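Colleague: I am new to this structure and would love a close look at a single part of it. Could you pick one strand and walk me through its surroundings?

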Amino acid sequence: MLIRLSNGKEIPIEMHKVRIVQKTSLPPIAQRRRAIEAAGFNTFLLRSRDVFLDMLTDSGTNAMSDNQLASMMVSDDAYAGGESFYRLADAVREVFGFEYTMPVHQGRAAEHLLAKAFVKPGDVVPMNYHFTTTRAHIELAGGTVLELFEDEALQTASSNPFKGNISLTKLRDVIARYGVEKIPYIRMEATTNLLGGQPFSLDNLRQVKDVAAGHNIPVVYDGSLIAENAYFVRQREAGYGSKSIAEIILEILSYVDIFYMSGRKCANVRGGLIATNQRALYDALLPWLPVYEGFATYGGMSSKEIEAMAVGLREMTELDGASAAADFVKYFVERLDANGVPVVTPAGGLACHVDARKFLPHLPSLEYPAGALAAAIYLASGVRCMERGTISMDRDRDGHEIPSDLELARLAVPRRVYTMSHIEYTVDRLTWLYKNRHLVQGLKFVSEPPVLRFFFGRLAPLEGWDARLAEAFQAEFGPDL
Ligand SMILES: Cc1ncc(COP(=O)(O)O)c(C=O)c1O
């Protein structure tokens with residue numbers, strides 16, 4: 001929740017008490033340099049013992065509530081027909097309004113099943129924007145992703161409240177060009193992870209549904225951050241300011257044929273699900289569930305996580321749950337913006353995104369500015385963030401690089417994990433780094449996996465810039481920080 005202080009300043013305030021803590025430590029600069037080198041300048045390959053604040057992702061890293069933990073104690077570990085599943089299905093009915101629920105082990109498993117069941121070679125899947133795993137599954141099934149965002153989506157500094165909207169003109173054109181039989185579904189992602197967590201409006205979704213329904217094309221909704229998208233609708237869309245998050249979620253999903261989500265984000269667990277009201281769609285997906293995930297009543301999740309997910313779904317519909325990350329992200333973004341550090345505005349869900357093209361304008365896309373910035377942020381702070389740029393784009397089928405639309409270093413804000421002083425520390429070190437940005441040079445691949453290369457790829461710094469950055473840091477802060 002945002003609270004106004006007596007001096008007029010607004011701050012995000014934690015609407016919870018911390019009862020269990022986990023120690024963290026700040027490895028000094030020399031250790032950080034050794035660690036990032038050992039990790040091939042890829043923050044995914046750092047060990048968490050070398051990380052001070054882990055802002056790699058908000059996925060599976062959120063603090064669970066006491067009620068979630070308590071629910072885990074009463075889980076029913078049956079292979080088939082477990083009661084935990086029926087409690088989850090009740091929560092899905094209540095929170096999302098869907099009759100049929102399929103648990104899966106995490107969001108990408110849902111994407112795999114959807115691609116397996118519905119995408120044929122030669123198909124195209126229109127969407128507001130891709131997510132890495134979404135694209136990989138659609139392409140592995142022989143399909144092509146078509147991103148139909150409005151042009152402003154790529155302007156990182158903006159006041160457009162709904163940069164996640166799909167362009168309806170582009171959508172109509174694509175349907176006319178490819179024909180309905182080549183379009184298994186239209187996908188909307190809430191909030192658009194790779195565009196800086198930007199939401200779409202309910203009005204946009206309503207119109208997407210109109211177009212889709214006119215051609216009998218199902219609307220698939222990736223609701224991994226549905227609570228945040230609903231929170232932004234409440235804050236930013238006329239007519240929704242007095243509605244509850246629960247009401248907005250139900251209205252959103254009234255325009256959706258198939259819903260899926262990673263439960264690792266706003267539901268604060270580790271798992272995922274697919275849900276629908278249409279028996280035919282459910283029947284098309286169900287046979288694949290035990291092949292790739294597990295039986296229909298656990299789908300690869302532990303029964304404990306299934307129980308906690310049922311609780312988490314209800315908790316994310318509370319205003320304090322839906323705003324837990326978003327309000328911190330807003331504060332984080334506005335503090336950096338005030339210090340002149342180029343960030344994606346307006347603030348979105350999940351993370352504070354730094355525009356690496358503006359931060360490191362001397363680096364071309366193929367020297368991976370977002371990857372270099374992520375490594376430099378770790379060196380300057382011990383904070384681990386994630387590259388979301390050209391490294392996160394795999395090569396095309398002919399082996400050519402695909403420069404990313406955006407080059408972002410993403411500092412995720414796991415829900416209820418970090419405090420204001422953690423954010424202030426990170427803002428300070430990023431501001432220092434910005435002043436010393438000329439020291440940061442690019443990266444080159446040393447070993448490059450063929451798919452989702454950002455996970456395991458190893459890189460090296462061009463011109464040994466890490467040594468110069470570490471020296472400058474040490475000159476300013478000494479060897480112990
Ligand atoms: C929008 C979106 N869809 C799908 C996924 C994949 O989910 P998971 O990481 O649970 O496989 C993610 C994960 O970050 C995501 O942000």
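Modeller: Happy to; here is a tour of one strand, its partners and the core around it. This is a predicted model, in which local features need pLDDT of at least 70 and side-chain atom pairs count only at pLDDT 80 or more, while totals for chains, interfaces and linings use all residues. Residues are numbered from 1 along each chain as its sequence is written, and side-chain values use heavy atoms, with hydrogens and water left out.

Let us start with strand S14, residues 408–412. Helices (H or I, at least four residues) and strands (E, at least two) are DSSP runs, numbered from the N terminus. Five of the five residues of S14 are buried, so the strand is largely enclosed by the rest of the structure. Buried means under 20% relative accessible area, exposed over 50%, and partly exposed in between, with a 1.4 Å probe and protein chains only.

Now look at where the side chains go. In a regular strand they alternate between the two faces of the sheet. Here Leu408, Arg410 and Ala412 point one way from S14, Ala409 and Leu411 point the other way, and all are buried.

Next come the neighbouring strands. Two strands pair if DSSP finds at least two bridges between them. Strand S11 (residues 351–355) pairs with S14 in the antiparallel sense over five bridges, and histidine 353 has arginine 410 as its bridge partner in S14. Strand S13 (residues 386–388) also runs antiparallel to S14, joined to it by three bridges; there, glutamate 387 has alanine 409 of S14 as its bridge partner.

Leu411 leads us on into the core. A nonpolar core is a set of buried Ala, Val, Leu, Ile, Met, Phe, Trp, Tyr and Cys residues joined through side-chain atoms within 4.5 Å. The largest one has 65 residues, and Leu411 and Leu433 are those with the most contacts inside it. Helix H16 (residues 369–381) supplies the largest share of this core, ten residues. As for Leucine 433, it touches Phe359, Leu373, Ala376, Ile377, Ala380, Val440 and Leu469, leaving aside residues up to four places away in sequence; contact here means heavy atoms within 4.5 Å. There is also a second, separate core of 60 residues, which includes Phe162, Ile175, Leu205 and Met309. In soluble globular proteins, nonpolar side chains tend to be buried together.
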